[in-house]
Amino acid sequence: RTTAPRWPPPMVDGVTNPYRTDRVAEDLFVGRDDLLANLLRSARTGRNSIHAVMGGRGMGKSSLARQIARQYGREATVVVSSGAAARVEADVSKALGASLEGAVVESLVRAVEAAASRRVLLVLDEVERLLEDPDGIGLLDNLREAYERADGALAVFVLGGTKVQELLRGN
């Protein structure tokens, strides 16, 4: 008599799988060193430093966001945020020590300029949450305008799935 194999197959005693998407491995970062190096080089130069990274669920975008903060945080102010517009605004306000209420673009540009010699890198993880918020598109427009006015002092990385592609195409 044969029995159907168990799925998922059991792990070998004492061996852990580092590639599980149901838990966050803070220090695990495998196979995207070139992508990370290119993004950080772009953020450091201040030119063409607005980027979108697309990938399916569990592909490592949040891990990439944490690694960017870990590696670039020594030389710049890095804000990693995800969620609706109010949460992103709160995270940016807290990191820069400035209120973004009212004229968001002007407030953000002033806060970036006040960061003195440190560049500011905003990493928007799980951008789908922001795009689902009625105020999210407006915030993204404000961030794009602030990026253009900040004269290379602000970098913006957007991480997400197919919604990023739709955003880039203007759908």
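# Notebook: helices around a four-stranded sheet

**Entry 1: helix α1.** I began with the packing of α1: its buried residues sit against β1 (50-54), α2 (61-72), β3 (119-124) and β4 (154-160). A reminder to myself that this is a predicted model. I then asked which residues of α1 are buried. I found Leu36, Leu39, Leu40, Ser42 and Ala43. Looking down the axis of α1, I see these buried residues within an arc of 160 degrees, so they line one face of the helix. The general rule helps here: an α-helix has 3.6 residues a turn, so residues three or four places apart point the same way.

I also checked the length of α1. The helix covers residues 33-45, 13 in number, and spans 18 Å from first C-alpha to last, close to the 18 Å expected at 1.5 Å a residue. Just past the end of α1, I noted Gly46 with a positive phi of about 80 degrees.

**Entry 2: the chain as a whole.** Next I stepped back to count elements. The protein chain has seven helices and four strands, and along the sequence I read them as α-β-α-β-α-α-β-α-α-β-α. The chain has 171 residues, and 37% of them count as buried. For contacts with a separation of 6 or more, I get 73% from residues 24 or more positions apart. The accessible surface comes to about 10500 Å², with 50% of this belonging to carbon and sulfur atoms.

**Entry 3: the sheet.** In what order do the strands lie? I read β1-β4-β3-β2, an open sheet of four strands with parallel pairing. The edges are taken by β1 and β2 (76-81); each has a single partner strand, so one side of each has no neighbour in the sheet. From one strand to the next, the twist averages 15 degrees.

Then I looked at the helix packed on this sheet. Helix α3 (residues 85-96) touches β2 and β3, and its direction makes about 160 degrees with that of β2.

I followed the pairing of β3 on both sides:

- β2 and β3 run parallel and are joined by six bridges.
- Ala76 is placed opposite Arg119 of β3, and Val78 is placed opposite Leu121 of β3.
- β3 and β4 run parallel too, joined by five bridges.
- Val123 has Phe157 of β4 as its bridge partner.

**Entry 4: how enclosed is β3?** I wanted to know how many residues of β3 are buried. The count is six of the six, so the strand is largely enclosed by the rest of the structure. In a regular strand the side chains alternate between the two faces of the sheet. With that in mind I sorted β3 by side: Arg119, Leu121 and Val123 are on one, Val120, Leu122 and Leu124 on the other, and all are buried. I made a note of Arg119, a buried residue of β3 that also faces Ala76.

**Entry 5: helix α4.** Here I listed the buried residues of α4 (residues 104-114): Val104, Val105, Ser107, Leu108, Val109, Ala111 and Val112. What do they pack against? I found α3, β3, α6 (136-149) and β4. So β3 is a packing partner of the buried residues of α1, and it is one for those of α4 as well.

**Entry 6: Glu89.** I picked one residue of α3 to follow, Glu89. At 25% relative accessibility, I count Glu89 as partly exposed, because buried would mean under 20%. Setting aside neighbours within four places in sequence, I find Glu89 in contact with Leu100 and Leu139. I also took its C-alpha distance to Leu108: 9.8 Å, for two residues 19 apart along the chain. Leu108 is one of the buried residues of α4.

**Entry 7: backbone oddities.** Most residues other than glycine have a negative phi, and most peptide bonds are trans. I went looking for exceptions in phi and noted two:

- Glu126, not a glycine, has a positive phi of about 50 degrees. I place Glu126 in the loop between β3 and α5 (127-132), where it is partly exposed at 30% relative accessibility.
- Asp151, again not a glycine, has a positive phi of about 55 degrees. I place Asp151 in the loop between α6 and β4, and its relative accessible area of 72% makes it exposed.

Terms used: Residues are numbered from 1 along each chain as its sequence is written. This is a predicted model: local features need pLDDT of at least 70, side-chain atom pairs count only at pLDDT 80 or more; totals for chains, interfaces and linings use all residues. Side-chain values use heavy atoms; hydrogens and water are left out. Helices (H or I, at least four residues) and strands (E, at least two) are DSSP runs, numbered from the N terminus. The expected span of a helix is 1.5 Å times one less than its number of residues. Buried means under 20% relative accessible area, exposed over 50%, partly exposed in between (1.4 Å probe, protein chains only). The arc is that of the directions from the helix axis to the C-beta atoms. Contact means heavy atoms within 4.5 Å. Two strands pair if DSSP finds at least two bridges between them. Axes are lines fitted to C-alpha atoms, for helices over the stretch in contact, and angles run from 0 to 180 degrees between N-to-C directions. Accessible areas come from the Shrake-Rupley method with a 1.4 Å probe; for residues, only the protein chains shown count as cover.
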